[in-house]
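Please look at the model below with its charged side chains in mind. The text that follows the display takes up the salt bridges and their surroundings.

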Amino acid sequence: MTSHAQTPPAQAPHALTPGPDGPPSFAEVLHGALRSSGLSLERVRHRLAAQGIRISLTTLSYWQRGRSEPERADSLRAVEALESILSLPPRTLRSSIRTYRPRGRMAAPAHDLAASRRVFGENSLAEQALGADFAVLNENVSTLSIHETVTIDERFRLTSLSIQQVMRATREGADHFTTVHTFDGGARAVRAEVRCGVAGDVRFLPDLGTVVIDVRFGRRLEKNETVVVAYTVHVEPGSGVDDHYERRTRTRLRDYLLHVYFHPAALPEVCHRYYRESYDAEPAYRHRMAPDASHSVHSAPSRCPAGVHGISWQRPH
C-alpha cells in the first residue's frame, strides 16, 4: 500500500510580473504555479491521467525547466488542464508559450516527427502509447547499433525479446532513453529486466498490446559520449500468433542484427528477411531463409538505412 501526504489547501499562485527581459516565460510561470500549489510532478501527472491526458514526468520536468515547450495539439490540451489543476486563471500558461518555434535546445528537430511517422505510420500504436512524447522520442540520443534476439514458442507466439543497444548522446545531459514494443499476437502480461542500465518506468498498455520502457543511464552523459544498454522483455503471450518481427528505425544504423529462435518442435515452413523504406512501402527486398541447426534465422544487413527491417515466417499447414 502506498500512502500519500495530504495535499495542502490550494493557495493563489504568486503573481509573476514582467522583468527587465520581458514577460515571464512559460517555464517560469509553470514552475511558480507548481511551487505555490504544493503538488509534485507525479501528482500532477496522475491528475492529468485522470482526465485522459498522458504526459510523462520527463516532459513535465522539461517544461518547468525551460528545455522544451508545448507545441502539439495534445500538449496544448494538457496546458489547459494544468491551468485548472494549478488553480491558474484561464490562458495564464497558454499565453506564456512563445508564438515562434524556438531554436537550440528548446526545439526538437523539425524532421524527427515526420521521420517517426514515416516508419511507424500515422497515429501508430507507438504514438498512441506515448502521446505528446512521441514527437520528442529520444531526442537526446542517437542509436549506433542494435542486436536483438526474439524467442518464439511452440504455438508461434513471441515470448521474449533480448536487446542490446549502443547509443551516443546528441546533447549534453542525456540521461535515459525510451523504447516501445508492440505485440501483434497480444500479451497478457509483460516483465522487463534491465541488464545494463537502470530500470525506469515500465507501462504496459494491454488494450494497445504495447509496453513503454524507460531505461536510465545512471548519470548524465557528455555530448557525443556513448552508452550501452541491454534489457530483456519477458512476455506472457495472448491468444493470437506472431508471423513476423520488425525493427523500425528513423536513422541509419552502423550495425543491426535480428536473431529469431523457434521452438524445435514447431519450425516454420518458410522464412524471409525484408526491408521497407517506410511503414506503408512495398519491400525493397525479400530474401528467403531456412532455419539453421539451432532452429534460428537471422538478418544482419551490410547496410542498415532508416526504415523497417524484419523477418517473417509461415507456420506449417
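The paragraphs below go through three of these pairs, each with its place in the chain and its accessibility.

The model is a predicted one, and the count of salt bridges in it comes to 11. One of them joins the side chains of Arg94 and Glu80, with 3.3 Å from N to O. This pair links distant parts of the chain, since Glu80 belongs to helix α4 while Arg94, 14 residues away, lies in the loop between α4 (73-85) and α5 (110-120). Both partners are partly exposed, Arg94 having a relative accessible area of 26% and Glu80 a relative accessibility of 44%.

Another salt bridge is formed by Glu127 and Arg117, whose closest N and O atoms are 2.6 Å apart. Here two helices are linked, with Glu127 in α6 (residues 125-130) and Arg117 in α5, at a separation of 10 residues. Glu127 is buried because its relative accessibility of 7% lies under the 20% cut-off, whereas Arg117, at 23%, counts as partly exposed. These two residues do not stand alone, for Arg117, Glu122 and Glu127 are linked in a network of salt bridges.

A further pair connects strands: Glu246 in β8 (residues 244-249) and Arg276 in β10 (residues 270-276) are 30 residues apart in the chain, and their closest N and O atoms lie 3.4 Å from each other. Glu246 counts as buried at 15% relative accessibility, and Arg276 is likewise buried, with a relative accessible area of 12%.

Note on methods: Residues numbered from 1 in each chain as written. Predicted model: local features only at pLDDT ≥ 70, side-chain atom pairs only at ≥ 80, totals over all residues. Heavy atoms only, no water. Salt bridge = Lys/Arg side-chain N within 4 Å of Asp/Glu carboxyl O. Helix = DSSP H or I, 4+ residues; strand = E, 2+ residues; numbered from the N terminus. Buried < 20%, exposed > 50% of the residue type's maximum accessible area, 1.4 Å probe, protein only.
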